[in-house]
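Subject: Structure for you to look at

Hi,

Here is the structure I said I would pass on. Have a look at it first, then read my notes below.

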Amino acid sequence: MKTLEPIIFLLAIIFGCTCKTYSANDLVLTDAKLQSYDLTYQRMPLSQGQGLTFKAYCSNVGSFDHTGVYVNLKIINSFSDTIYNNNSATISVLNNSTDSVEINTPFNASDPGRYTFLYTMYQDSIDDNPSNNIVSIKQDIMEHLFQRDDGNYTGNNSWMGSSSYSETGNLYEFLSPCIITSASVVIDANTDPGALIFFSIYDYSLNIVGMTADYIVTADDLGDTVTLSFVDPVVVSSLEYYTINVCNYGSSLLLTQMAQAAPDLTSFFVDDMLNWYFITTVPMVRINTDESQNALIEFKAPQWTLYPNPSSSEIHIVKSSPDAERLEIRNLLGEVVHNETIFNSKSINIAHLRSATYLVTVGGQTRKLVKQ
């Protein structure tokens with residue numbers, strides 16, 4: 001009687017190569033991030049690079065449990081010096097499951113520059129594919145600039161169509177206190193020279209907390225960056241969120257350069273009816289900060305305030321200077337619905353205006369007014 005051993009041996013030779021293609025003992029380091037931030041940033045101010053902790057994510061795609069799993073993080077500065085070297089706690093990852101580890105020793109960036117975050121995962125057993133156990137992330141830390149877009153131009157926001165008023169911008173989160181002093185936008189080359197723009201800051205509830213004066217876009221600005229200072233700097237506390245939008249009104253259209261795909265619910269477009277929409281690409285709208293108290297002193301020139309806002313019948317303009325200044329109230333089409341020269345504080349009847357949003361300008365500084 002013939003045995004089956006030669007046949008089995010021949011089948012093993014024929015099919016042996018396919019038996020080795022599946023990594024039965026593979027643990028993958030899938031992602032890593034700054035633990036305290038929900039969003040990622042291409043550039044962040046030095047003030048926000050303080051007290052950073054980290055989180056790494058792994059997936060056991062094999063058939064065996066992995067024990068003794070931990071992640072080491074090395075941070076390398078722009079001079080190629082390793083300035084941070086710490087491990088996570090050790091865990092076990094069951095087969096066909098995912099898990100995460102935290103590296104909780106805080107990191108404080110000492111200087112502006114490019115930092116490389118090198119995550120390497122280790123475990124007790126031999127991993128079939130160690131090449132997927134490393135994640136390297138680069139982070140630019142600047143003196144004052146906070147930027148979500150990656151700087152790569154992917155088109156403009158012409159999809160919004162012609163509009164008498166529009167806004168576009170991004171949500172930002174702040175880990176540490178700072179002062180928002182100005183904002184920047186990269187103007188698309190197809191923007192109409194003469195476009196009227198300004199920036200607005202909104203808190204997490206979309207209440208407006210800061211504005212810049214108006215600016216008229218010139219031909220020299222096309223394809224370049226325009227930066228405007230806020231009338232009053234916004235003092236930010238720890239763990240706060242703000243939305244920064246560039247606003248355009250009137251007959252000349254602003255087109256903003258757009259960059260990479262946006263995470264869900266974090267980049268915005270606002271139409272002329274003040275409806276907010278989420279958009280799928282990141283506008284090149286950035287913010288600038290100052291950590292010194294000098295910023296507050298620099299921007300505390302004589303200003304004016306408006307109240308109540310919203311209002312249905314009357315508003316009060318309170319000036320800190322008796323100088324003669326032009327007051328204008330415009331609708332979102334740019335049409336002037338009220339104008340006069342004022343010297344001191346002034347009460348203005350707006351009962352005759354229809355319910356809408358208006359722009360009130362005194363001495364070159366503009367604020368939004370909601371007429372109920």
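**What I found**

In the protein chain, take the contacts (heavy atoms within 4.5 Å) between residues at least 6 apart in sequence: 72% of them join residues at least 24 apart. Keep in mind that this is a predicted model, where local features need pLDDT of at least 70, side-chain atom pairs count only at pLDDT 80 or more, and totals for chains, interfaces and linings use all residues. Residues are numbered from 1 along each chain as its sequence is written, and side-chain values use heavy atoms, with hydrogens and water left out.

So what is the chain built from? There are two helices and 30 strands. Both are DSSP runs numbered from the N terminus: helices are H or I with at least four residues, strands are E with at least two.

One sheet to look up is an open one with three strands, in the order β11-β19-β22 and with antiparallel pairing. Its edge strands, β11 (155-156) and β22 (281-283), each pair on one side only. Strands count as paired if DSSP finds at least two bridges between them, and β19 (residues 257-261) has two bridges to β22. If you want a spot to zoom in on, A261 stands opposite T281 in β22.

Now for the inside. Of the 372 residues in the protein chain, 47% are buried; that means under 20% relative accessible area, while exposed is over 50% and partly exposed lies in between (1.4 Å probe, protein chains only). A nonpolar core is a set of buried Ala, Val, Leu, Ile, Met, Phe, Trp, Tyr and Cys residues joined through side-chain atoms within 4.5 Å. The largest one has 55 residues, and F54, Y119, F174 and I197 have the most contacts inside it. Strand β17 (residues 225-236) gives the most to this core, with five residues. Another core lies apart from it and has 15 residues, including I315, I348, I350 and A356.

Is S59 buried or exposed? It counts as buried, because its relative accessibility is 14%. S59 is in strand β3 (residues 52-60). Leaving out residues up to four places away in sequence, S59 touches D26, L27, V28, T30, S97 and T98.

Last, the cysteines. C178 counts as buried because its relative accessible area is 4%, and C247 is buried too, at 0%. How many disulfides does a search of the whole structure find? Zero, where a disulfide is a pair of cysteine sulfur atoms within 2.5 Å.

Cheers
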